[in-house]
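Open the model in your viewer and keep the selection panel at hand. The stops below take you from the whole chain to single side chains.

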Amino acid sequence: YGQRVLELLNEAHDFFCEKYDVSLDGPVTVEIFPQQKDFAIRTFGLPGGAGFLGVCFGRVITANSPSSQGERPANWRSVLWHEFCHVITLEKTRNKMPRWLSEGISTYEEQEKNDSWGERLTIPYRQMIAGDDLTPVSQLSAAFLSPKSPQHLQFAYFEASLVVRYLIEKHGLETLKRVLTDLGVGMPINESLERYVGSLQELDEDFAAYARDFAQQIGPEVDWRIDEELAKADLPAVKKYLEDHPRSYQAMLEFAKQSIAARDFESAKATLLELRELYPEDREGAGTLALLGSLYRQTEDADKELEVLSELARLNDRALEVYARLIVLHEAKQDWDGVRENALRYLSVQPVLPYGHEQLGRAAEELGKSDELATSLAAMLEMDPIDPADIHYKIAKAYQQDGSFAQAKRHVLMALEYAPRYRDAQKLLLMLTEQPPATDTTATVVNSTEGS
C-alpha cells in the first residue's frame, strides 16, 4: 500500500501548506514499521509505547503499520493525515507550541477531512463535559502532561480539537494562524491568546459554555445515564426499566439486543428506529445502526441492511466487518461503485491482507479502471499468491488496455517465466510485440507502486 501512502501524504502536503501558509524547503521522512517493537525503539529508544500509533518529530514521522496492530488496526489514512498536520504546525511555530494546541489542530483537521476520522463526541465524553472533567483552556497543557487516566488523556485530544473548532468558529482561521506565528517567535500561548480573544478568564468561561452547548446538541432528548446493573438484567427487567426511563440509551440498546436474541424482531425494530431518530450520529460498532443492520440481515431485508450499514460505514473509520458486509451487499446488486468504495475503506484499515485488494481489483475490472486493477494485482503479488503467473498475466492485460505497452510486456514475460507454456500469455506477448513503440508515460510510476 506504499503508493497509496504517498498519494495521501502528497495530498496532505499540498492542502496543509496552502491552508497554514507554510512552505517546506526540504523532504519529510515517514517511516512505517511492521513490528511495534521496532517502532518503539526508533521512536522512544526503548520498548513500550503500545498506545502510540504515530509520532511526529518535525520533519520525521514514525508510525505503526496495520500489520503490527492485531485484528483491529487503526485507520492508517487518518493516522498519517493527523501526523502530517503536525509537520506543518511545528514548522510554522518552529517547534514552539504546546502539545494541546498541536494535537488539537491535528485532531480537528482529521474531523474536517472525513466524518469518521478523529476523536468524536462519545457517551463518556458527553458525561465528562457535563461533569467536572472539562479543563479550562488556560490549563489545557496539564490535561496532557498529567491526565487522571488513559480515558482522560483521550478526552484531552477531543477537548483540544473542540477548542480549535471554537477558536475558528468564533474568531476565524486567520486568528488561529496569527497565534501560531506568535508562538514561532517565542510568545507564550496564553499571552498570544489574550491578544486576539480577550482575557483568559473570559476565554475559559466562553469555551466551557460552547462545549456544553456542543454536547447538548447531540441527542438532546436522550437519557445518557449509565446503570451498571442494567447490563446484568434479563429482558423483563430491562423492559420494566425502560418503562420508567423511556429514552435511556443504555436501556433501549439492551432491550433491542435481548429482543433480537429472543427473535422478537418487531419490538427490537420499533425501539431501534426510535433511538435512531433520537441519536442519528451513533457510530458505535455495537450501537443503533449496527443492531439495525443485524436485525435486517436476520429478517432478510437486504435493502434496509444496506442503508443502515452504509450510514455506519460513513461514521466509523475502522469497521472492517461492516465494510466487508457492504461489499457483499453491493456485489449482489452488481453495484461496482459501491464495492469499490467499501474496498477502499477496507484497505484504509487493513491493507496487508489480500481481501481488500481482491475486491478492489474486481470492482476496478468491472468499472474499466485498468490502472487501479493493475495496482491491486501488484499488491497481491507481494502476498505469496498461489498462481503468480496468472496475476502477472492479468496485470499485463490491464496495462495493455491502458495503453502502457512496455509495462504490459514486462509483466507478460514475468508470467511466462513462471509458466512458459501459458498459452494466453504467449498470445498476448505476440500481440504486444506487434504494437508500435508508443510513448509509455506510466512505466516509472507503476514501478514505484511495485517497490512500495
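Colour by charge to begin. The protein chain carries 48 positive and 73 negative side chains, and the centres of the two sets lie 2 Å apart. Lys and Arg count as positive, Asp and Glu as negative; His and the chain ends are not counted. Each charge is placed at NZ of Lys, CZ of Arg, CG of Asp or CD of Glu.

This is a predicted model: local features need pLDDT of at least 70, side-chain atom pairs count only at pLDDT 80 or more, and totals for chains, interfaces and linings use all residues. Residues are numbered from 1 along each chain as its sequence is written, and side-chain values use heavy atoms, leaving out hydrogens and water.

Switch to cartoon. The protein chain has 23 helices and 3 strands. These are DSSP runs numbered from the N terminus: helices are H or I with at least four residues, strands E with at least two.

**Salt bridges**

The whole structure holds 27 salt bridges, each a side-chain nitrogen of Lys or Arg within 4 Å of a carboxyl oxygen of Asp or Glu.

Select aspartate 115 and arginine 314. Their closest N and O atoms are 2.6 Å apart. Aspartate 115 sits in the loop between helix H4 (99-113) and helix H5 (123-130), and arginine 314 in helix H15 (residues 302-315), so the pair ties together parts 199 residues apart in sequence.

Stay on H15 and pick glutamate 307, which forms a salt bridge with arginine 276 at 3.4 Å between the closest N and O atoms. Arginine 276 is in helix H13 (residues 265-278), so this pair ties together parts 31 residues apart in sequence.

**A buried charge**

Go to glutamate 83 in helix H3 (residues 76-93). Which side chain of opposite charge is nearest to glutamate 83? That is arginine 99, 9.0 Å away; glutamate 83 is buried yet has no salt bridge. Buried means under 20% relative accessible area, exposed over 50%, partly exposed in between (1.4 Å probe, protein chains only). Leaving aside neighbours within four places in sequence, glutamate 83 contacts Gly54, Val55, Cys56 and Ile61. Contact means heavy atoms within 4.5 Å.

**Last stop**

Select serine 404, in the loop between helix H20 (388-402) and helix H21 (405-418). Serine 404 is buried, at 2% relative accessible area. Now add aspartate 371: the two are 33 residues apart in sequence and 9.6 Å apart in space, C-alpha to C-alpha.
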